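Colleague: Could you take me through one part of this model in detail? I'd like to look closely at the sheet and at what sits around it.

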Amino acid sequence: MNAGDSEHNLFGGNHYATGFRAASRRRAVTPMSLKLYNDAMKDLGIRVAEPRDIRELAAMRHHLWPAASAAEHTRDLTPLLSGNPKGNLPAVVFLAETSEGRITGFIEVGSRSHADGCDPAMPVGFIEGWFVKPDWRRKGIAARLLAEAEQWARNLGCREMASDTWINNLESQEVHAALGFEVVDRCVHYRKSL
Ligand SMILES: CC(C)(COP(=O)(O)OP(=O)(O)OC[C@H]1O[C@@H](n2cnc3c(N)ncnc32)[C@H](O)[C@@H]1OP(=O)(O)O)[C@@H](O)C(=O)NCCC(=O)NCCS
């Protein structure tokens, strides 16, 4: 998705992640920075987003879908976070959060009556949005968020999970493939004014 170059300015600069990058370079690591990072990851929890999370979530959503402003995302999120998703089909947002209350990413999952390539007789879980802040990527957070979303869908009786992404978002395609999704279709969307 269109996660832009400003990602680090927007979301960067937490000391756990900095510690991890240093750890990755080996020579720069200090025992304390690695311990802080490990503690943060060990205690990273996944929870359902609530109305109090709206500002943080709107900012992450705006980053993922920049065509809408943070204010528009806030408007969209209000019913969802209050447990009244549009369309009356179940939907929820899960957040990844450190023990210090630092939000590191989200997954928005809904139930759809059908999805391309899935059994039309059964509702499916659908990933509507999926985002991890840049400094926290490649640490398994998206995988943990997905596992939670999948369990949520299973609990609703779904037997399949579906998703989509842009053709040029190769990173997202790699993540989907790594986490068990198969490609079922490729589309070109059109419009014309009437
Ligand atoms: C896609 C996104 C949510 C993945 O988050 P993440 O927490 O970094 O993903 P994970 O660490 O759980 O990665 C799980 C696996 O996916 C694969 N993967 C993750 N990032 C990858 C990348 N940049 N390139 C190739 N494979 C990647 C790896 O196999 C990884 O497992 P590994 O690290 O053990 O090798 C994150 O990159 C993001 O927010 N991107 C911008 C927004 C976006 O594109 N969202 C998805 C749209 S549907």
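Modeller: Sure. This is a predicted model, and its open sheet has five strands in the order β1-β2-β3-β4-β5, with mixed pairing. The edges are β1 (45-48) and β5 (161-162), each of which pairs on one side only. α4 packs on this sheet and touches β2, β3 and β4 (124-132). The direction of α4 makes about 95° with that of β4.

Let's stay with β2 for a bit. Six of its seven residues are buried, so β2 is largely enclosed by the rest of the structure. On one side, β2 is joined to β1 by four bridges, and the two strands run antiparallel. β2 is also joined to β3 (residues 103-112), by seven bridges, and that pair runs antiparallel too. If you want a residue to keep your eye on, try E97: in β2, E97 is the bridge partner of G45, and E97 also stands opposite I103 in β3. From there, follow the chain into the hairpin of β2 and β3, where five residues lie between the strands. One of the things to look at in that hairpin is G101, which takes a positive phi near 85°.

Now for the helix that leans on this region, α5. Its twelve residues (70-81) should span 16 Å at 1.5 Å a residue, and the end C-alpha atoms are 15 Å apart, which agrees. The buried residues of α5 are H73, L77, L80 and L81. They cover an arc of only 80° around the axis, which puts them on the same side of α5. So what lies over them? The cover includes α4 (54-64) and β2 (91-97), and β2 is the strand we've just been through, with six of seven residues buried. Just after α5 there is another glycine to check, G83, with a positive phi of about 85°.

Going back to β4 takes you to the ligand. β4, α6 (141-155) and α7 (170-178) each supply at least two residues of the shell around the ligand. α7 gives the largest share of that shell, with five residues. There are 21 residues around the ligand, and R137, A142, A143, E174 and A178 come nearest. So β4 is a handy strand to follow by eye: α4 touches β4 on the sheet, and β4 also supplies residues to the ligand shell.

How values were computed:
Residues numbered from 1 in each chain as written. Predicted model: local features only at pLDDT ≥ 70, side-chain atom pairs only at ≥ 80, totals over all residues. Expected span 1.5 Å × (residues − 1). Buried ≥ 20, exposed ≤ 12 C-beta atoms within 10 Å, placed from the backbone. Arc of directions from axis to C-beta. Contact = placed C-beta atoms within 7 Å. Pairing = 2+ DSSP bridges. Axes fitted to C-alpha atoms, helices over the stretch in contact; angles between N-to-C directions. Near = placed C-beta within 6 Å.
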